[in-house]
Amino acid sequence: MTVGRMMTAAERLEVAQCLLVRVLPCGCRVGLYRTWTSRALLIVDDPHDDCRDRGHQADFVIEDRDGAPAAAAGLAPAARRRA
Ligand SMILES: [Zn+2]
């Protein structure tokens, strides 16, 4: 589910593990985090100065998925690209 909202205080406490970190084409660095409640949150870690996406700010939740570190593979567009 795509949300686009700031991370809540509760979610900060729920974060259990960083599954991967990647840099978006706009230059922003995002992290995929698993929570104790088995959700997968894709969060902006380090917004790039030149990025004009107003959603790309620190602690902004881009994706919030139930259940699914396994679904996390689907969050990696570069990895899915076939030559
Ligand atoms: Zn960005």
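This note reviews the predicted model in numbered points, moving from the overall fold to single residues.

1. Overall layout. The secondary structure of the protein consists of 2 helices and 5 strands. Read from the N terminus, these elements follow the order β-α-β-β-β-β-α. The protein has 83 residues, of which 17% count as buried. Among contacts between residues at least 6 apart in sequence, 38% join residues at least 24 apart.

2. Confidence. The mean pLDDT of the protein is 84, and 76% of its residues reach 70 or more. Among the elements, strand 3 has the highest mean pLDDT, 96, while helix 2 (residues 77-80) has the lowest, 46. Over residues 76-81 the pLDDT stays under 50, and for this stretch the model has 1 contact beyond four places in sequence. Where pLDDT is low, the predicted coordinates should not be read in detail. The student should keep this caution in mind when viewing helix 2, given its mean pLDDT of 46.

3. The nonpolar core. The largest nonpolar core has 11 residues in all, including Cys-28, Val-30, Tyr-33, Ala-40 and Phe-60. Strand 3 (29-35), strand 4 and strand 5 (60-66) each supply at least two residues of this core. The largest share, 5 residues, comes from strand 4. Strand 4 is also mostly covered, since 6 of its 8 residues are buried.

4. Pairing of strands 3 and 4. Strand 3 and strand 4 run antiparallel and are joined by 6 bridges. Within this pair, Gly-31 stands opposite Ile-43 of strand 4. The two strands form a hairpin, with 3 residues between them. Ile-43 is, in addition, one of the residues of the largest nonpolar core.

5. Pairing of strands 4 and 5. Strand 4 is also joined to strand 5, by 5 bridges, and these two strands run antiparallel. Here Leu-42 stands opposite Glu-63 in strand 5. Leu-42 is listed in the largest nonpolar core. Strand 4 thus has bridges to strand 3 and to strand 5.

6. Two residues with positive phi. Most residues other than glycine have a negative phi. Which value does phi of Ser-38 take? Phi of Ser-38 is near 60 degrees, a positive value in a residue other than glycine. Ser-38 lies in the loop between strand 3 and strand 4. Asp-59 likewise has a positive phi, near 70 degrees, and is not a glycine. Asp-59 is found in the loop between strand 4 and strand 5.

7. Exposure of these two residues. Ser-38 is partly exposed because 13 other C-beta atoms lie within 10 Å. Asp-59 counts as partly exposed because it has 14 C-beta neighbours inside 10 Å. A residue is called buried if 20 or more other C-beta atoms lie within 10 Å, and exposed if 12 or fewer do, so both counts fall in between.

8. Asp-46. Where does Asp-46 lie? Asp-46 belongs to strand 4, which covers residues 39-46. Is Asp-46 buried, exposed or partly exposed? With 13 other C-beta atoms within 10 Å, Asp-46 is partly exposed. Leaving aside residues up to four places away in sequence, Asp-46 touches Cys-28 and Arg-29. Cys-28 is a member of the largest nonpolar core. The C-alpha atoms of Asp-46 and Gly-27 are separated by 8.9 Å, although these residues are 19 residues apart along the chain.

How values were computed:
Residues numbered from 1 in each chain as written. Predicted model: local features only at pLDDT ≥ 70, side-chain atom pairs only at ≥ 80, totals over all residues. Helix = DSSP H or I, 4+ residues; strand = E, 2+ residues; numbered from the N terminus. Contact = placed C-beta atoms within 7 Å. Core = buried A, V, L, I, M, F, W, Y, C linked by C-beta atoms within 7 Å. Pairing = 2+ DSSP bridges. pLDDT = per-residue confidence, 0-100.
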